[in-house]
Amino acid sequence: MRLVLGVVLALILAGQGVAQSVEVVLPPPLKAEPLASGVQVQPVSLTRLAGNIAAGTPWFQEASPPYFLMPCILTEKPIRWSEADNKIGGFEAFERIFRDELKKAGFRAGGDPTNLFEDQKAADLQVGALINMLRVRTCATTSVSTVTGGTGVMDVEWQIYSVTQAKILARITTRGGFEIKSRRDFDLTPLIRGIFGDNVARLAADEQFRRLVTLSAPTVVAPTVPTTSAVKIALAPGDRVTSLASAVKSVVTIYAGDGLGSGVLVSDDGYVLTNHHVAGSSGQVRVHWPDGTDTIGEVVRGDPRRDVALVKTTAKGPALAVRRTGAQIGETVFAIGTPLDKQFASTLTRGIVSATRLVDGLAMIQSDVAVDHGNSGGPLLDEKGQIIALTVSGYQPDNVSHNINFFIPIVDALAALDLKPTN
């Protein structure tokens, strides 16, 4: 009997020495107060997730009972964090937790993939989650096939970023924790997700976050012009000729949500044409000009079927003329836009008009001019620098370009938006 007690005591003392490696103290429970009735909130999307824990930091420790029905003691050495662990996997699961917890608190989550009829672009307010600390302890049976309990805590720095303002609006730190008391198969996943969910709930309760989402965030405005009436727009003079070198100054990069596209200035007072799938229904976008400056653009009208949108902003260059005559098969054309990445803004490519076609019942110009993701909404120009179409899509059945690209005739784009030139 003395021998048994001595062994148990030795194990307990050894466990206490190891236990100092990973300490887990759950934070006090916190529940967000419901939002006041009638408060307007902006949608928020989780778009970044990463770890920032020093390599070698003890973060996980497993305990086990020395004998049946006895309490768990820490007998295992802690597992240490590696630099590779900072690349957090399973983003979709964390994004779902973020979205669900915000909805519980009465907030709006952008980019909901469960809504098949909603534009899936992320919201203007984007959130990055930087995990600065993680500590987890579990109690496993001697067979290491089940756990009888587990606790964990996590520190998260939430970075709130506005796409239209192109800056981080706030950095908010939370410490969340979670505990599992039920017996279950050995798996850390439910525990880690529970800890993360508690951090999201604490973010939703944070006063600074609430002020940003309900007051300081860029306001999503309704179209300034009723969709039942025509928009009068002073297009650039039809006889205006612009060199291709100068035309690039009138083609912009448009940032909306987590994507980017292109657009073209068609009036000297700041009207820009782009694709609806670029501007979406976000209300406001950030317009980046070739001179390096940014302006805020208001989406005043859009037609999702024809995939065109009209943005009003402050002009930073001369407008390009709209050509009213149709495209001629074989004529030389030029595309300008921002393919793939912002570093390739103002890219100019050359091709010919390959054909005119009906695609899903809509008139399209087909060309072999090189375009890629990010060119969407940019112009297709003739040799006089006049707009004959807007870039909209490419045919890539095997994810490889075959130089079969499609463009919306500019006259059709104006008609779809019910734009009436005043000149």
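Strand S9 (residues 251-256) gives the most to the lining of the second largest cavity, contributing three residues. This is a predicted model, and a search through the whole of it turns up two cavities of 30 Å³ or more. The second largest holds about 40 Å³ of space. Its walls are made by Val-251, Val-252, Thr-253, His-288, Pro-290, Gly-337, Thr-338, Ala-345 and Ser-346.

Val-251 turns up again when we look at the nonpolar cores. It belongs to a core of 28 residues, along with Ile-233, Leu-310 and Leu-414 among others, and that core lies apart from the largest one.

Now for the largest core itself. It has 37 residues, and the ones touching the most other members are Phe-98, Leu-134, Trp-158, Ile-160, Phe-196 and Phe-209. Quite a mix of elements gives two or more residues to this core: strands S1 (44-51), S2 (58-63), S4 (125-140), S5 (146-162) and S6 (167-180), plus helices H2 (91-104), H3 and H4 (207-216). The largest share, seven residues, comes from H3. As a general rule, nonpolar side chains in soluble globular proteins tend to be buried together.

Two of those helices deserve a closer look. Here is how their lengths work out:

| Helix | Residues | Expected span | C-alpha end to end |
|---|---|---|---|
| H2 | 14 residues | 20 Å | 20 Å |
| H3 | 17 residues | 24 Å | 25 Å |

Why does 25 Å agree with expectation for H3 (residues 189-205)? At 1.5 Å a residue, its 17 residues should span 24 Å, so the 25 Å between its end C-alpha atoms fits. H3 is also mostly covered, with 14 of its 17 residues buried.

In H2, the buried residues are Phe-94, Glu-95, Ile-97, Phe-98, Arg-99, Glu-101 and Leu-102. Phe-98 is the one already met among the best-connected members of the largest core. An α-helix has 3.6 residues a turn, so residues three or four places apart point the same way. After H2 comes Gly-106, which has a positive phi, near 95°.

That leaves the barrel. Which strands close it, and in what order? Six of them do, running S15-S16-S17-S20-S19-S18, with antiparallel pairing. From one strand to the next, the twist averages 45°. Zooming in on one pair, S18 (residues 379-381) and S19 (residues 387-394) are joined over three bridges in the antiparallel sense. Within that pairing, Leu-380 stands opposite Ala-389 of S19.

Methods:
Residues are numbered from 1 along each chain as its sequence is written. This is a predicted model: local features need pLDDT of at least 70, side-chain atom pairs count only at pLDDT 80 or more; totals for chains, interfaces and linings use all residues. Side-chain values use heavy atoms; hydrogens and water are left out. Helices (H or I, at least four residues) and strands (E, at least two) are DSSP runs, numbered from the N terminus. The expected span of a helix is 1.5 Å times one less than its number of residues. Buried means under 20% relative accessible area, exposed over 50%, partly exposed in between (1.4 Å probe, protein chains only). Two strands pair if DSSP finds at least two bridges between them. Axes are lines fitted to C-alpha atoms, for helices over the stretch in contact, and angles run from 0 to 180 degrees between N-to-C directions. A nonpolar core is a set of buried Ala, Val, Leu, Ile, Met, Phe, Trp, Tyr and Cys residues joined through side-chain atoms within 4.5 Å. On a 1 Å grid over the protein atoms alone, a cavity is a set of points where a 1.4 Å probe fits but cannot get out, and a pocket is an open set with protein on both sides within 12 Å along at least five of seven lines; lining residues have an atom within 4 Å of a point. Grid points are joined across faces, edges and corners, and a volume is the space filled by probe spheres set on the points.
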